[in-house]
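Colleague: Got a minute to go through this model with me? I'd like to start with strand pairing and then jump around a bit.

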Amino acid sequence: TTDQNLDFYLRPLDDVVVNGGFEDSPAAFTGWTYSGALSATVATAVRHTGNQAALIESPCEHPCLSQPEKRPIWENTSHPVVATDAIGGLHVLASHMGVLGYHYRAPDGVWSGPEPVTTPTPDSQIAQGLAIDGQGTLHALWQSGSEPELYYSQLRRDGDWTPAELVHAGTDGGDIAADSRGGAHVIMRCLNWGLGPEVYYVERLPSGVWLKLRPLDARDGYTNSTVAVDRSDNIHFLWQEVRRGIFYQSRSRTGAWGLKEQVFEDVGYTYDRLRLLIGPRDELMAFWNWPNTEYSSVKIPGAQWSAPEIILDLMHGATVDMDPDGVIHMLTTSGSTGVTGTYYLRFEPGAGWSEPVKLNDSQHAYPVLAVDRFGVLHALLMDWADMTYMTQQGAAGGEGILRQSIAIPADHQQTTLAFKYNLRGAPPGAGSSAVARVTDGETTTEIALRGDSEGMTLGWAGL
């Protein structure tokens with residue numbers, strides 16, 4: 001065989017990247033030059049090591065949301081639930097003309113559907129939740145019938161929905177989450193009318209077997225509970241009890257149950273879904289409305305829940321999600337005189353909550369939102385029975401170029417230029433791209449930067 005001489009370059013030791021300028025000044029690119037239509041700033045929210053990084057983005061005034069998009073097929077559509085997948089696609093399950101319809105928005109913005117998931121019935125069919133497991137399988141939960149009954153199905157890789165499975169009869173709403181192994185976890189209210197516990201948890205194994213129900217409350221549980229699964233497959237539950245307030249409990253991946261903890265103490269209940277987010281450091285954030293006041297509480301691993309904090313008054317129906325940088329996005333509505341409408345606000349670590357920005361005058365928006373792993377926000381708003389879609393604005397066009405010249409010592413025979421990057425807000429197929437270009441005076445090497453990785457990605461080039 002013929003010998004081949006292959007050039008290859010090792011990754012930097014310990015993947016440590018030494019930046020030649022960003023750490024020197026909090027407001028300038030020391031040693032760098034920048035040109036282009038996009039804005040460039042030194043940021044602390046997105047970084048790999050040290051304290052700062054370069055952030056190149058499309059200039060856009062807060063909240064930087066697109067104009068509402070409405071498809072004719074969305075008329076008479078209501079009660080949507082959403083989930084985002086690994087490539088930045090948006091999955092939607094919603095009631096439409098007596099059946100549940102499945103919609104999908106690809107990363108390039110193209111919509112498909114609705115595809116019927118159920119058959120028409122004289123009773124209402126209301127979506128309760130969508131979840132995507134670690135294998136990419138979509139799990140759906142909905143309520144149907146006059147009793148009513150809770151049903152489950154999943155979208156197979158061949159594009160077909162599995163036959164509906166009855167989870168439980170005599171229910172009043174539920175929520176679903178999925179783990180990395182393909183298991184589904186459901187929390188629901190079973191109507192026992194005060195004769196026994198009402199909030200239950202049930203697990204569906206990846207094999208399709210449903211396990212035994214486990215009660216969570218003390219006889220006076222109510223609807224609108226929620227469930228979430230963290231990165232280690234631990235399961236977290238949040239529910240309300242009419243006479244005592246809001247409670248939390250967890251179950252580990254191995255099946256061990258934690259102690260029941262009270263998050264909020266009061267008599268009453270909320271008509272809005274409780275919300276539970278899991279942060280980048282496994283901190284838990286609970287959100288609830290009680291009554292017409294939005295509250296939040298935080299639980300750091302190993303600590304107690306923080307004292308409830310009021311976010312907003314005169315609001316209801318809040319929906320929240322978190323982007324990869326730990327920024328929390330919220331949509332909420334108000335029917336109070338003088339402030340009627342739908343509002344957007346956000347929480348940034350170290351900066352707190354922004355002022356609410358009014359999006360429309362509807363008090364019946366019942367918004368839902370999701371932020372995909374690329375940091376793109378997807379929002380659905382209702383106006384009675386018509387659905388509209390909004391997302392974050394992308395770049396209108398143009399480019400941004402950040403340059404730096406470096407001197408390589410003569411005794412360095414095989415020098416490697418290394419860097420880390422994150423194409424936040426630019427999922428594959430969305431029309432945005434980034435290139436690293438290395439020029440030594442004679443030849444130029446270009447490296448196409450991928451947008452399909454989660455977190456910071458290491459790039460390198462031989463010099």
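Colleague: Which residue in S21 is the bridge partner of Arg275?

Modeller: Phe287 is the partner of Arg275. Keep in mind that this is a predicted model.

Colleague: How do S20 and S21 pair, and over how many bridges?

Modeller: S20 and S21 are antiparallel, with four bridges between them. They make a hairpin that has five residues between the strands.

Colleague: What is the phi of Asp282 in that hairpin?

Modeller: Asp282 has a positive phi near 65°, and this is a residue other than glycine. For context, most residues other than glycine have a negative phi.

Colleague: Is Asp282 buried, exposed or partly exposed?

Modeller: Partly exposed, because its relative accessible area is 37%, and buried would need a value under 20%.

Colleague: And on the other side of the strand, what does Phe287 stand opposite in S22?

Modeller: Phe287 faces Ser296 there. S21 and S22 (residues 293-299) run antiparallel and are joined by six bridges. They form a hairpin too, with three residues between the strands. In that turn, Asn292 has a positive phi of about 60°.

Colleague: How many of the residues of S21 are buried?

Modeller: Six of its six. Leu284, Ala286 and Trp288 are buried on one side, and Met285, Phe287 and Asn289 are buried on the other, so both faces are covered. That split fits the general pattern, since side chains in a regular strand alternate between the two faces of the sheet.

Colleague: Switching to empty space: how many cavities of 30 Å³ or more are there?

Modeller: Two. The largest cavity has a volume of about 60 Å³.

Colleague: Which strand gives the most to the lining of the largest cavity?

Modeller: S21 again, with three residues. S21 (284-289) and S24 (316-322) each supply at least two residues of that lining. Phe287, Trp288 and Asn289 are among the lining residues, and so are Ala318 and Val320. Arg275, the bridge partner of Phe287, is in the lining as well.

Colleague: What does the lining of the largest cavity look like by class?

Modeller: Five nonpolar, two polar and four charged residues. The lining includes Asp272, Arg273 and Glu294, as well as Thr270 and Met330.

Colleague: New topic, backbone oddities. Which residues does a cis peptide bond join?

Modeller: Gly113 and Pro114, with omega about 10°. Pro114 is in strand S7, which covers residues 111-116.

Colleague: Where is Asn224, and what is its phi?

Modeller: Asn224 is in the loop between S15 (214-215) and S16 (226-229). Its phi is near 70°, another positive value in a residue other than glycine. Asn224 counts as buried because its relative accessibility is 16%, and the cut-off is under 20%.

Colleague: Last one, the open sheet of four strands: what is its order?

Modeller: S8-S9-S10-S11, with antiparallel pairing. S8 (125-132) and S11 (165-169) are at the edges with a single partner strand each, so one side of each has no neighbour in the sheet. Ignoring direction, neighbouring strands in this sheet are turned by 20° against each other on average.

Colleague: How many bridges join S8 to S9?

Modeller: Seven, and the two strands run antiparallel, with S9 covering residues 138-144. One of the pairs there is Gln125 with Ser144 in S9.

Definitions and conventions
Residues are numbered from 1 along each chain as its sequence is written. This is a predicted model: local features need pLDDT of at least 70, side-chain atom pairs count only at pLDDT 80 or more; totals for chains, interfaces and linings use all residues. Side-chain values use heavy atoms; hydrogens and water are left out. On a 1 Å grid over the protein atoms alone, a cavity is a set of points where a 1.4 Å probe fits but cannot get out, and a pocket is an open set with protein on both sides within 12 Å along at least five of seven lines; lining residues have an atom within 4 Å of a point. Grid points are joined across faces, edges and corners, and a volume is the space filled by probe spheres set on the points. Ala, Val, Leu, Ile, Met, Phe, Trp, Tyr, Cys and Pro count as nonpolar, Asp, Glu, Lys and Arg as charged, and the others, Gly among them, as polar. Buried means under 20% relative accessible area, exposed over 50%, partly exposed in between (1.4 Å probe, protein chains only). Two strands pair if DSSP finds at least two bridges between them. Axes are lines fitted to C-alpha atoms, for helices over the stretch in contact, and angles run from 0 to 180 degrees between N-to-C directions.
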